[in-house]
Amino acid sequence: MELLYKNEYGASYKVDFGTNPECEVQLVIDTVGLFMSKEELDHLLTIVKNSHEPCDCGNCNGPCEKIWCTGPLVDICLKVSDTILDKMEDLIAGTQFMLNIDATLEGYRLK
């Protein structure tokens, strides 16, 4: 595995030969490793960015203190604060940047 991005909250690694070929990334948060596809990473970032919006669960009237992300194999529930949300958004966005840097550079390559 190759380190893609790291901050105070966690780290991300590129997975080359995992058991599930769709899962190209592993997010490591504290002692938990989450294997994710690029699409799942995009979905998680959308949830993190919209976490300031009021929850629809009917149990609360404001922003929720949890991030829920459902997938075909596993549901993720993380307890969060504003500080953690900022670090989580940075971790995901930094990971996406590193995953896409080769394609971005190739697009702007002088010919």
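Select S12 to begin; this residue lies in strand 2. Helices (DSSP runs of H or I, at least four residues) and strands (runs of E, at least two) are numbered from the N terminus. The model is predicted, and local features need pLDDT of at least 70, side-chain atom pairs count only at pLDDT 80 or more, while totals for chains, interfaces and linings use all residues. Residues are numbered from 1 along each chain as its sequence is written, and side-chain values use heavy atoms, with hydrogens and water left out.

**Stop one: S12 and its partner**

Is S12 buried or exposed? S12 is buried, because its relative accessible area is 0%. The term buried means under 20% relative accessible area, exposed means over 50%, and partly exposed is in between (1.4 Å probe, protein chains only). These areas come from the Shrake-Rupley method with a 1.4 Å probe, and for residues only the protein chains shown count as cover. Now add T95 to the selection: the side chains of S12 and T95 make a polar contact at 2.6 Å. A polar contact is a pair of N or O atoms within 3.5 Å; within protein, one must be able to donate a hydrogen and the other to accept it, and residues adjacent in sequence count only if both atoms are side-chain atoms.

**Stop two: the whole chain**

Display the entire chain as a cartoon. The secondary structure comes to 2 helices and 6 strands. Followed along the sequence, the pattern is β-β-β-β-α-β-β-α. Of the 111 residues in the chain, 31% are buried.

**Stop three: the salt bridge**

How many salt bridges does a search of the whole structure find? The search finds 1 salt bridge. Select E24 and K38, which form this pair, with their closest N and O atoms 3.9 Å apart. The pair links distant parts of the chain, 14 residues apart: E24 is in the loop between strand 2 (10–14) and strand 3 (25–29), and K38 is in helix 1 (residues 38–49). A salt bridge is defined as a side-chain nitrogen of Lys or Arg within 4 Å of a carboxyl oxygen of Asp or Glu. Side chains of opposite charge can pair when their charged atoms come close.

E24 counts as partly exposed because its relative accessibility is 25%. K38 also counts as partly exposed, at 29% relative accessibility. Keep E24 selected and add M1: their C-alpha atoms are separated by 10.0 Å, and the two residues are 23 residues apart along the chain.

**Stop four: a loop and the strand after it**

Move to D30, in the loop between strand 3 and strand 4 (32–36). Its phi is near 60 degrees, a positive value in a residue other than glycine. D30 is exposed, because its relative accessible area is 70%.

Next select V32, which lies in strand 4. V32 counts as partly exposed, at 43% relative accessibility. Add G10 to compare positions: V32 and G10 are 22 residues apart along the chain, and their C-alpha atoms are separated by 9.6 Å.

**Stop five: C77, V80 and I67**

Select C77 in strand 6 (residues 75–79). C77 is partly exposed, with a relative accessible area of 38%. Adding I67 shows a C-alpha to C-alpha distance of 5.5 Å from C77, with their positions 10 residues apart in sequence.

Keep I67 and select V80, in the loop between strand 6 and helix 2. V80 counts as buried because its relative accessibility is 9%. V80 and I67 are 13 residues apart in sequence, and their C-alpha atoms are 6.9 Å apart in space.

**Stop six: a negative patch**

Which residues form a negative surface patch? Select E8, D82, D86 and D90, which form the patch. Patches are made of residues with over 30% relative accessible area and no salt bridge; like charges are joined within 9 Å, and nonpolar side chains (Val, Leu, Ile, Met, Phe, Trp, Tyr) within 5 Å. Asp and Glu count as negative and Lys and Arg as positive, while His and the chain ends are not counted. The place of a charge is taken as CG of Asp, CD of Glu, NZ of Lys or CZ of Arg.

Finish on D86, which is found in helix 2 (residues 82–107). D86 counts as exposed because its relative accessibility is 55%.
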